[in-house]
Amino acid sequence: MLIKISRSFSKKIQIKTYEPVESFCAAEVEIDTPEAVGGVSNDTIALSSVLDNFCQSEVEKTLAQYKKIDKKNIKEEADE
């Protein structure tokens, strides 16, 4: 049986007033498995978890760049 596992994750942060930044990641894999409909193996569950962790990690990496910029802006504003 051919199945598709799709996982996605998105997150929005507020950099400044009226300046939101949103990041989104989606990942999908197709696997051929002899499982019957309704039966899910531990390998399939693990693969789903890997995709989920990948998406969350990619979103957080992207947003981390903006968080650094925001911290720099806050510091510069405090120094003024």
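**Close-up views of a predicted β-β-α chain**

**View 1. Ile3 and its surroundings.** Outside the residues up to four places away in sequence, Ile3 touches Val29, Glu30, Ile31, Thr33 and Thr44. The model is predicted. Ile3 is found in strand E1. Its relative accessible area is 18%, so Ile3 falls under the 20% limit and is buried. Thr33, one of the residues touched by Ile3, lies 30 residues away from Ile3 in sequence, with a C-alpha to C-alpha distance of 7.4 Å. Ile31, another of the residues touched by Ile3, has contacts of its own with Met1, Leu2, Ile3, Ile5, Thr44 and Leu47, leaving aside neighbours within four places in sequence. Thr44 is thus listed for Ile3 and also for Ile31.

**View 2. The chain and its elements.** The chain has one helix and two strands, in the order β-β-α from the N terminus on. Of the 80 residues in the chain, 25% are buried. Among contacts with a separation of 6 or more, 63% are between residues 24 or more positions apart. The accessible surface of the chain is about 6000 Å², and carbon and sulfur atoms account for 53% of this surface. Mean pLDDT is 84 for the chain, with 79% of the residues at 70 or more. Confidence is highest in E2, at a mean of 93, and lowest in H1, at 82.

**View 3. The hairpin of E1 and E2.** Strands E1 and E2 run antiparallel and are joined by 14 bridges. The two strands form a hairpin with two residues between them. Tyr18, in the turn, has a positive phi of about 65 degrees. Within the pairing, Ile13 stands opposite Val21 in E2. Ile13 and Val21 also both belong to the largest nonpolar core.

**View 4. The largest nonpolar core.** This core has 12 residues: Ile3, Ile5, Ile13, Ile15, Val21, Cys25, Ala27, Ile31, Leu51, Cys55, Val59 and Leu63. At least two core residues come from each of strand E1 (2-16), strand E2 (19-32) and helix H1 (42-79).

**View 5. Ser23 on strand E2.** Ser23 is placed in strand E2. With a relative accessibility of 7%, under the 20% limit, Ser23 counts as buried. Apart from neighbours within four places in sequence, Ser23 is in contact with Phe9, Ser10, Lys11, Val59, Thr62 and Leu63. Val59 and Leu63, among these contacts, are members of the largest nonpolar core.

**View 6. The salt bridge of Arg7 and Asp52.** The whole structure contains five salt bridges. In one of them, Arg7 pairs with Asp52, and the closest N and O atoms are 3.4 Å apart. This pair links distant parts of the chain: Arg7 is in strand E1 and Asp52 in helix H1, 45 residues apart. Arg7 is partly exposed, at a relative accessible area of 28%. Asp52 has a relative accessibility of 16% and is therefore buried, the limit being under 20%.

**View 7. The salt bridge of Lys11 and Glu60.** The side chains of Lys11 and Glu60 form a salt bridge with an N to O distance of 2.9 Å. Here too the pair links distant parts of the chain, with Lys11 in strand E1 and Glu60 in helix H1, 49 residues apart. Lys11 is partly exposed, at 30% relative accessibility. Glu60 is partly exposed as well, at 29%. Lys11 is also among the contacts of Ser23.

**View 8. A salt bridge within helix H1.** The side chains of Glu58 and Lys61 meet in a salt bridge of 2.8 Å, N to O. Both residues lie in helix H1, three residues apart, about one turn of the helix. Glu58 has a relative accessible area of 26% and is partly exposed. Lys61, at 48% relative accessibility, also counts as partly exposed. Elsewhere, Lys11, Glu60 and Lys67 are joined into one network by salt bridges that share partners.

Key. Residues are numbered from 1 along each chain as its sequence is written. Side-chain values use heavy atoms; hydrogens and water are left out. A nonpolar core is a set of buried Ala, Val, Leu, Ile, Met, Phe, Trp, Tyr and Cys residues joined through side-chain atoms within 4.5 Å. Buried means under 20% relative accessible area, exposed over 50%, partly exposed in between (1.4 Å probe, protein chains only). Helices (H or I, at least four residues) and strands (E, at least two) are DSSP runs, numbered from the N terminus. Contact means heavy atoms within 4.5 Å. A salt bridge is a side-chain nitrogen of Lys or Arg within 4 Å of a carboxyl oxygen of Asp or Glu. Two strands pair if DSSP finds at least two bridges between them. pLDDT is the predictor's confidence in each residue, from 0 to 100. Accessible areas come from the Shrake-Rupley method with a 1.4 Å probe; for residues, only the protein chains shown count as cover.
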